Protein chains: 2
Amino acid sequence: MPIDRLKKRYDRKGFKLTPQRLAILRYLEKEKGHPSAENIYMALKKDCPTISIATVYNTLQALQDMGEIREIVIDPERKHYCCRVEPHHHIICTECRKIYDIFADYSQGLELPDEFRKKFKVTSAQVVYYGICNECREKGNEKL
Amino acid sequence: MPIDRLKKRYDRKGFKLTPQRLAILRYLEKEKGHPSAENIYMALKKDCPTISIATVYNTLQALQDMGEIREIVIDPERKHYCCRVEPHHHIICTECRKIYDIFADYSQGLELPDEFRKKFKVTSAQVVYYGICNECREKGNEKL
DNA sequence: TTGGCTGCAAAATATTTGCAGAACA
DNA sequence: TGTTCTGCAAATATTTTGCAGCCAA
């Protein structure tokens, strides 16, 4: 996304588009593997050596509040983030913990049973696949 | 599940069915809300005051390794556990963080796109719904 | 010049590990 | 008697918070 358009969107919501926020957003845009806070911190330190892990967390929270990024609850070890906010789904490799987007439309296949439709006001739904990716199967032993 | 049958299953896998393990398993069997390690620890201290949080974590791991319980990745704050291991799905209230089982069969509705079927050996899949339960909506303000 | 943002440090929370002694086969 | 398990304490990992100084509007 062009920088001036981004800036306007931020202004409208009362946020400032600081270099740190831009760097994190840009990194998430190009990184398909859905990094964790630590991944982002390590990657950004090359270009932005003064950045702190707290700023990464703060920024991820701010971007999430703005609706610019989404937290993915899929890895029991840590949170991951992605910048696509249209509803979609994910598959994770339980070896290398890389996550990929699945843009299939599952909405027809996921009917919430009546009992819960009465009990809950549903805000979102996601489908999560767990598996082992080919790279890890080749690297790993025959168990995988 | 009767205690002698449980014991045999544990023996067969080389585990001992200690009072602590039994207590945790029993608690998970009756607790429909899918407690976290801390929930379990607090609840069990009444009847078993010497239990330690480390034993809860150790036991949850052991039970998971045995295939007796399942870890639910749904709450970004902490892990939750349930004792039903047949594949099923979940809905969580993002206010009180209680989790409920959904036993609907979604297998027909969840076709993994070809690109991933070639790239991944899939081991499991789950559907996760997020929402607000009626109790929390009534308790909470009109925002919810 | 004021409010928001960063970086640092410390705190809070969640989970794991090492180890000595207890329990059990 | 040897192996496994527990409980404690410490360690580790993840995430959050407080605050002083900085920066942009």
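**Stop 1: the surface near DNA strand C**

Select the residues near DNA strand C, where near means that a heavy atom of the residue lies within 4 Å of the strand. By class, this surface holds four nonpolar, six polar and six charged residues. Here Ala, Val, Leu, Ile, Met, Phe, Trp, Tyr, Cys and Pro count as nonpolar, Asp, Glu, Lys and Arg as charged, and the others, Gly among them, as polar. The model is predicted: local features need pLDDT of at least 70, side-chain atom pairs count only at pLDDT 80 or more, and totals for chains, interfaces and linings use all residues. Residues are numbered from 1 along each chain as its sequence is written, chains are lettered from A and ligands numbered from 1 in the order in which they are written, and side-chain values use heavy atoms, with hydrogens and water left out.

In total, 16 residues surround DNA strand C, and the closest are T18(A), Q20(A), T50(A), Y57(B) and R78(B). Which part of the DNA faces them? Of the strand C atoms within 4 Å of the protein, 77% belong to sugar or phosphate and the rest to bases.

Next, display the polar contacts (pairs of N or O atoms within 3.5 Å; within protein, one must be able to donate a hydrogen and the other to accept it, and residues adjacent in sequence count only if both atoms are side-chain atoms). A polar side-chain atom of T50(A) lies 2.6 Å from a phosphate oxygen of DNA strand C. For T55(A), a polar side-chain atom is 3.1 Å from a phosphate oxygen of this strand. The elements that give two or more residues to this surface are α2 (19-30) and α4 (53-66) of chain A together with α4 (53-65) of chain B. Of these, α4(B) gives the most, with three residues. Helices (H or I, at least four residues) and strands (E, at least two) are DSSP runs, numbered from the N terminus.

**Stop 2: the surface near DNA strand D**

Now select DNA strand D. It is surrounded by 16 residues, the closest being Y57(A), R78(A), T18(B), R21(B) and T50(B). The surface near DNA strand D divides into five nonpolar, six polar and five charged residues. Zoom in on R21(B), where a polar side-chain atom lies 2.9 Å from a phosphate oxygen of DNA strand D. At Q20(B), a polar side-chain atom is 3.0 Å from a sugar or linking oxygen of the strand. The most residues near DNA strand D come from α4(A), which gives three.

**Stop 3: the sheet across both chains**

Show the strands of both chains. Six of them form an open sheet in the order β4(A)-β3(A)-β5(A)-β5(B)-β3(B)-β4(B), with mixed pairing; two strands pair if DSSP finds at least two bridges between them. Why is one side of β4 (99-102) of chain A and of β4 (99-102) of chain B left without a neighbour? Both stand at the edges, each with a single partner strand, so one side of each has no neighbour in the sheet. Within chain A, four bridges join β3 (residues 89-93) to β4(A), and the two run antiparallel. Select H90(A) to find D101(A) of β4(A) opposite.

**Stop 4: the helices of chain A**

Finally, show chain A alone, with its six helices and five strands. The axes of α3 (residues 37-45) and α4(A) come within 9 Å and cross at roughly 125°.

Definitions and conventions
Axes are lines fitted to C-alpha atoms, for helices over the stretch in contact, and angles run from 0 to 180 degrees between N-to-C directions.
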